[in-house]
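Here is a set of exercises to work through with the structure open beside you. Try each task before you read its solution.

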Amino acid sequence: MSRTVVSAENVEKVVQTTAGPLVILDGIDLEINQGETVAIIGASGSGKTTLLGILAGLDTASAGAVRLLDANLSDLDEEARALVRGQHVGFVFQSFQLLASLTALENVMLPVELRGDTLAQSQAQELLEKVGLADRLDHYPRQLSGGEQQRVAIARAFASKPTVLFADEPTGNLDTQTGDRICQLLFDLNQEFGTTLVMVTHDQGLAARCGRTIAIAGGRIQAPVYQPQQASAL
Amino acid sequence: MNAKLVARMAWRDIRSGEMGLLLVALLVAVGTVTSISLFVDRLQSALLQESSNFLAADRQISSSRAIPEEFSDQARQRGLDTARTLVFPSMVFAGDLNQLVSVKAVDAQYPLRGKLVTGEEPFQPGAPTQDVPEPGTVWLDSRLFPAMGLSLGDTVEVGLAELRVTRVLLAEPDRGGSFFDLGPRLLMNLEDVPQTEVVQPGSRLSYRLLLGGDEQALEALRESLPLEPGYRWVSVRESSPRIGRALDRAESFLLLGGLLGVLLAGIAVALSAHRYAQRHFDHVGVLKTLGATPTQILRGFMSLLLLVGIAAIVVGLLLGSALHVIIVQLLATLIAVELPNPSIRPFLLGAATGLICAMAFAMPAFLHLKNVEPVRVIRRDLGVAPLSRWLSYGAAAAGSLLLLAWYTKDLLLTVWTLMSIVGICLVFGSLAWVLLKGGRLVGMQAKSGWRLALAGLQRRRTESTAQILIFGVAIMLLLVLVLLRTALIDEWRNQVPEGAANHFVMNIAEDEVEGVRSLVRNQATEGEFLFPMIRGRVSQVNDLTAKAWQETHRPNDGGSQLTSERALTWAVRPPENNDIVAGQWWSPDSQEAEASLELDYAQDFGLELGDRMEFDVGGQRIWATVTSIRTLEWESMTPNFFIILSPGALRDFPATYMTSFYLEPGEKAFLNTLLSAYPTITVIEIDALIAQVQKIVGQVSQAVELVLVLVLFSGALVLIASIQASRDTRMAEHGLIRALGGTRALIGGSLTAEFLVLGSFAGIVAVFGAELVVAMLQTQVFELQLELHPWIWLLGPVAGALIITVVGLTGSRSLIDSPPMSVLRGLY
């Protein structure tokens, strides 16, 4: 039995608006084990991105408990959550989120440097070669196409050898063909590094490639679908 | 974040231009302060040195009694230079001719500051000399040569001593002083004084101990000497109020200019730091998702700020020094004074300015970065909680206070300036807010540039208000400086107008008046007045003798005596520059004997309206009643009288007359002609004094103009920073409008309209603010006449609109030119 990497227990998220409190997440319970690939799907406004943010420790829940590996995120302040993220979590975003002032290589080196590790450059170079950008090391994000930028982002996500990789609509800003290639790259690297993958998407095809799909509507989990054969195949 | 990463980020940000404006703003702050204070520092010492020439020393101790040896011993112990002089009136004889002269006896050390100028020919240019007359010799004023028929090598008698005339005395540094002391000078050696035997008890003697050297030693000496009563401590400011006041005002102005420069640069720093922070919200969000802790973010960005701050300080100091060297070079032909070496203070001030600007104006925005929520990376709609106003305004206010207080060393001026700026911001902020809100502004209907602009202004009302205020304050500060500069320089120039009389003629006998006038009229520009002068002394006041009166009303006073002989005059109307402050001037046809006294004179001797005074005029006694008290414009280069009597009192006494004229510098030989024709008249040359005053005024004006240029630069920087600050918002909006079909002309028109509105509103704010501040400064700090400046009321808004529009459009060119796609993709 692999260990639980991410868990949520009765998680709620309520925000105050001028029209009164708005419930975004309402009693979310889930567990994600090491090595799993999980897709969180749902319509726009269903709360799936909010859930991803809370599970990854980017945001805090209004109520309930969230655990990421050994850390109870609900009990930690931003300082400690940042350390957990830096240690265990990688991200891939829909809008790539590369730092415009850094080159591709420097963007990939960044998470390792933040951790204070050395030897960042050779690792980063290796990763960029893996994603097929060996000849673009010194290019700035604005000099790269969308697909290339996302490949840099994926290389960056794996640079810190994360336990869990959170992806928010990773192909949302790309055409189908490029999206497929990025997707393939993501799953390949995921397999190679043995990372747990939690992905928010509304792309059914992409969701189908994951071991498990969690559907969200109106802030609640609809019908948990468990596909153990795919999970164990990893 | 580790140091290498910080350094790399800083370099990236600087290279990519993200940090550019912040760096330039800090640079300008440091550079402006360094160059202004370097220049002011050196100019101040130079001006002080120059004006010390008026005393021939840095300080003097003067008395009618001999100055104790102990005083000079103490001064020498403190490392000060000393020299002694003794001035007294005496008759000097040459054959049958005699003349009343003002004798000055000096020791070999005289003068400590400035130089004597001597020559071989009367009224011809001479050369500076280090010497003083050898024992047994004298140097004489030019005018004594024709008056007494003397030439070099002749002998004159001063008291019992026979002394040989060896040189013509053309100028002496401490020639200034009161108008009637300017008798023709005879300069002799102090060693010869005993054998003249003219120094007797009761003689009118003026002893001076000249002191030169370190400021601190001078002040310490002043503290330690038992000066009161009887010994007067004299510094430039006291001895030459005209120069003193010009210096004080110039200093205040230069400091104020520097102060405004710093404030403007501070605003620019705050604005660019704010923009930098805003553009880095996403950046920080990403860093945080990647595991950067708030502490790391804080430390990283603080180090970055520090790094940029240090870079700005180093480069700024170099730039400031270079700028100041260029200025000194440029002004070298105008400023003949050799500038002393600068002190360390300007550099410290520059460095501290950079540091404080970075900390107080930029740090709040940087601090705020640590509060960016990492979730912003996936939820762009989540804004960043606004920066605490208390923190940002509080820090800026504290920083300004600290800087300004240190810079001006004048807490009152500092607090006052800050308070008025805060007050103006509050009042005009509300006004701008109401103007923006109350205007009938339409919604987002992109039909014409105007409507688009107005809608935008209204939608971003808070930002627009802030922008109007920032533009307004910047323009206001510049206006304040321009107005004050004009007022100051005008006032200085007015004191010594071009072509003002530079020679006075006294002792013109009644039958010589016409002859002298026609001679003067042919050769020079005649002055306007012709005063009768009658020598006389006060002999009695009410029931007391003058001596007894003074003992009752002014005992123990080592100063002037009520019984001294003075120049009296009579006049039908009060002379120009005289204001009656008590009582009434006599009517033109009054036959009564009335007296009008100068205010200080009246106060010094306890004389009041209604007192009866008896005057002894050549043995004849006249009584007059005090019916008015006057104040005088001591700074005007016209003769001033302590006592003026009504025509009824003095008209029948024989008088001599005085007049004045303006002589071109090249025509001094005319004095020879005049004095040969009328040997008994006395000519007083004040052209050298006027030239000296004009030179100082000129130098100070130069410095003032220079400071203005530097501050203008800071002002321009604020405008650019402020326009840059709102550039991103405008960019996004206009990109969208263009994508939706808005033409470039529409965007251009909208931007123009927006800047025109912002600029004219800012101009209105600036004009009101400037009038207010200038009014206060003129009356409170500079002691000038209050005046309004109607010409800026229209100029302010129009210039504001034009400047903001030009700078704004220039800064937003890329906004109009870049393709909408790149704007929407954020690639700008």
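The exercises below concern a predicted model, and each is followed by a worked solution.

**Exercise 1. Find which elements of chain A supply the side that touches chain B, and describe the residues there.**

Solution. Start with the extent of the interface: 26 residues of chain A are in contact with 24 residues of chain B. Next, assign the chain A residues to elements. Helix H1 (48-55), helix H2 (78-88), strand E6 (89-93) and helix H3 (104-114) of chain A each contribute at least two residues. H2(A) gives the most, with 7 residues. Finally, sort this side of chain A by residue type: there are 11 nonpolar, 7 polar and 8 charged residues.

**Exercise 2. Work out the strand order of the open 4-stranded sheet in chain A, and find what packs on it.**

Solution. Trace the pairings first: the order is E2-E1-E4-E5 (chain A), and the pairing is antiparallel. The edges are then strand E2 (20-33) and strand E5 (71-72) of chain A, as each pairs on one side only. Now look inside the sheet, where strand E1 (residues 4-17) and strand E4 (residues 63-68) of chain A are joined antiparallel by 5 bridges. To fix the register, note that A:Val6 stands opposite A:Leu68 in E4(A). Last comes the packing: H1(A) touches E1, E2 and E4 of chain A, and its direction makes about 125° with that of E1(A).

**Exercise 3. Which strands pair with E22 of chain B, and is E22(B) mostly covered or open?**

Solution. Take the partners one at a time. Strand E12 (residues 503-508) of chain B pairs with E22(B) in the antiparallel sense over 4 bridges, and B:His503 stands opposite B:Phe661. Strand E14 (residues 531-541) of chain B is also antiparallel to E22(B), with 3 bridges; here B:Met533 faces B:Thr656. As for cover, 6 of the 7 residues of E22(B), which spans residues 656-662, are buried.

**Exercise 4. Identify the residues that touch the most other members of the largest nonpolar core, then follow the contacts of B:Leu22.**

Solution. In general, nonpolar side chains of soluble globular proteins tend to be buried together. The largest core in this model has 196 residues, and those touching the most other members are A:Ile40, A:Val198, B:Leu22, B:Ala25, B:Leu26, B:Val269 and B:Ala362. Leaving aside neighbours within four places in sequence, B:Leu22 is in contact with B:Val269, B:Ser272, B:Ala273, B:Tyr276, B:Val308 and B:Ala362. A second, separate core has 64 residues, including B:Leu55, B:Val103, B:Tyr110 and B:Ala147.

**Exercise 5. Locate the cis peptide bond between B:Tyr110 and B:Pro111, and place A:Lys161 and B:Asn542 by their phi angles and exposure.**

Solution. Begin with the peptide bond: omega between B:Tyr110 and B:Pro111 is about -10°. B:Pro111 is in the loop between strand E3 (97-106) and strand E4 (116-119) of chain B.

Then turn to phi. A:Lys161, although not a glycine, has a positive phi of about 45°; this residue lies in the loop between helix H5 (146-159) and strand E7 (164-168) of chain A. A:Lys161 counts as partly exposed because 14 other C-beta atoms lie within 10 Å. Phi of B:Asn542 is also positive, near 50°, and B:Asn542 sits in the loop between E14 and strand E15 (544-545) of chain B. With 11 other C-beta atoms within 10 Å, B:Asn542 is exposed.

Conventions: Residues numbered from 1 in each chain as written. Chains lettered and ligands numbered in written order. Predicted model: local features only at pLDDT ≥ 70, side-chain atom pairs only at ≥ 80, totals over all residues. Contact = placed C-beta atoms within 7 Å. Nonpolar A, V, L, I, M, F, W, Y, C, P; charged D, E, K, R; others polar. Buried ≥ 20, exposed ≤ 12 C-beta atoms within 10 Å, placed from the backbone. Pairing = 2+ DSSP bridges. Core = buried A, V, L, I, M, F, W, Y, C linked by C-beta atoms within 7 Å. Axes fitted to C-alpha atoms, helices over the stretch in contact; angles between N-to-C directions.
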